[in-house]
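Q: I'm new to this structure and would like a close look at a single part. Please choose one, walk me through it slowly, and then show me what else is worth finding in the model.

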Amino acid sequence: MSNENENESAVWHDALHPESVKAYGIDLLKRAEGAKLFQTGLVDWDRACDDTGGGLDDFWYVVIGGASNVGKTQLLISLAKQGLLQKFAVVVVTMEEPLEQIQRRIYAGLSDLGYHDFTYKNFSRSKAARLVETTPYVGKLAINGDLPKEDLKSIIEYLDEARDMLFGRPMIVILDNLQLVKPENGSSIASAATEVSEGLRRWAKVNRTLTFALSQVTSEALRAGRPVRCHDLWGGSSMYSNPSQVIMLDHLNAVVDDHRPWIKRLWGLVDKNRYGPKMVFLMLEANMKTGDWRCGTPDEEILWGPNPWAPPEDTRGGYGR
């Protein structure tokens, strides 16, 4: 009986053969000319990617995890804005935010209008004209906000469509979020999230496309009232094994500025980092008016709440540890 897979075989390379060495050198030179590392705009995060020279590489798959309403989507949109400014084509696949909300956040960051200018009450014909005049065309932003299907197979098909539509790199993919992917064959939400996470990892590697995905943490972790770690993500340890990086956002000690209520400060943690140091603490400040995020400096640490991941004897900080 013939083997259905007789034409399919693993590809092996004699990596020390002179032709392999030569091909590698040629490929590396091409990559050095064409590769484009992504800068998050958060200096401590970029520094943690020291194996790449200070940025996120094009085949990485990165998960941003945390509780609901902690700021994951806002951070993701800030990264999208950074990508556009760096001439990346940005692809957003969203199952949570409507198209108009994504546009609102992006336009607030790129134009001279503020986030609250886009409310029904505050918007006007004159502001509509200003929006067109002051929003620069900084790159392709493709948003699929009306997904007829939300399973893994369909999402990969959507990404393939976007890849073909935006042929040529650099490109960034953003998925919001893993727990909203529809389970197949009666599987659990956690199983579906794990499956799509693995699918995204493979897609990012094959297509050499930096890919971000958001993930919720389990209700058990939230009830425990402790700092969340990557093993608290829906899907458990398998969710930890897939990404190149896992960034966790703290919901316990977030603070709002007393004088500027649109400024929120919280701690982040580089909890997994396959190509650089892990357990890197990030002092994050989110500006809800502009959508911009930044890292605080050591002299500003007093403005942040206690670092939830620091050792008990050093609850105030451990900045940059």
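A: Helices here are DSSP runs of H or I with at least four residues, strands are runs of E with at least two, and both are numbered from the N terminus. Keep in mind throughout that this is a predicted model.

Let's settle on helix H3, residues 72-85. How do its 14 residues compare with the span you'd expect at 1.5 Å a residue? They should span 20 Å, and since the end C-alpha atoms of H3 are 20 Å apart, the two agree.

Next, is H3 covered or open? It is mostly covered, with 12 of its 14 residues buried. Buried residues in H3 include Leu75, Leu76, Ile77, Leu79 and Leu84, but also Lys72, Lys81 and Gln82. For contrast, turn to helix H1, residues 18-34. The number of buried residues among its 17 is 0, so H1 lies largely in the open. Its length works out too: H1 should span 24 Å, and its end C-alpha atoms are 24 Å apart, which agrees.

Now look at what comes before and after H3. Asparagine 69 is in the loop between strand E1 (61-66) and H3. Although asparagine 69 isn't a glycine, its phi is positive, about 65°. Asparagine 69 is exposed, because its relative accessible area is 75% and the cut-off is over 50%. After H3 comes lysine 87, whose phi is also positive, near 70°. Lysine 87 is in the loop between H3 and strand E2 (89-94), and at a relative accessible area of 55% it is exposed as well. Why point these out? Most residues other than glycine have a negative phi.

H3 also takes part in an internal space. Rolling a probe the size of a water molecule over the atoms shows where empty space is left. Searching the whole structure turns up 1 cavity of 30 Å³ or more, and the largest cavity has a volume of about 30 Å³. Which residues line it? They are Thr40, Gly41, Leu42, Leu75, Ser78, Leu79, Gln82 and Trp293. H3 supplies the largest share of that lining, 4 residues. Sorted by class, the lining has 4 nonpolar and 4 polar residues, and no charged ones. Leu75, Ser78, Leu79 and Gln82 of the lining are also on the list of buried residues in H3.

With H3 in place, you can move on to the charged pairs, since the structure holds 17 salt bridges. One of them joins the side chains of aspartate 112 and arginine 130, at 3.4 Å from N to O. That pair links distant parts of the chain: aspartate 112 sits in the loop between helix H4 (99-110) and helix H5 (125-134), while arginine 130 is in helix H5, 18 residues apart. Aspartate 112 is partly exposed at 46%, and so is arginine 130 at 32%.

Another salt bridge stays within one helix. Aspartate 160 and arginine 163 meet at 3.1 Å, N to O. Both are in helix H6 (residues 152-165), 3 residues apart, or about one turn of the helix. Aspartate 160 is partly exposed at 23%, as is arginine 163 at 28%. Serine 154 is in H6 too, but it counts as buried because its relative accessibility is 6%, and buried means under 20%.

A third example is glutamate 285 with arginine 265, at 2.9 Å from N to O. Glutamate 285 is in strand E9 (residues 280-287) and arginine 265 in strand E8 (residues 263-273), so this salt bridge ties together parts 20 residues apart in sequence. Both residues are buried. They also belong to a network of salt bridges with Asp257, Arg260, Arg294 and Glu300.

Two last stops. Asparagine 307 is in the segment after strand E10 (293-295) and is buried, with a relative accessible area of 3%. A polar atom of its side chain lies 3.0 Å from the backbone nitrogen of tryptophan 309. Then there's the peptide bond from aspartate 176 to asparagine 177, which is cis, with omega near -10°. Most peptide bonds are trans. You'll find asparagine 177 in the loop between strand E4 (171-176) and helix H7 (189-207).

Methods. Residues numbered from 1 in each chain as written. Predicted model: local features only at pLDDT ≥ 70, side-chain atom pairs only at ≥ 80, totals over all residues. Heavy atoms only, no water. Buried < 20%, exposed > 50% of the residue type's maximum accessible area, 1.4 Å probe, protein only. Polar contact = N/O pair within 3.5 Å; in protein donor to acceptor, adjacent residues only side chain to side chain. Expected span 1.5 Å × (residues − 1). Salt bridge = Lys/Arg side-chain N within 4 Å of Asp/Glu carboxyl O. 1 Å grid on protein atoms, 1.4 Å probe; cavity = no way out; pocket = protein on both sides within 12 Å on 5 of 7 lines; lining within 4 Å. Points joined across faces, edges and corners; volume = space filled by probe spheres on them. Nonpolar A, V, L, I, M, F, W, Y, C, P; charged D, E, K, R; others polar.
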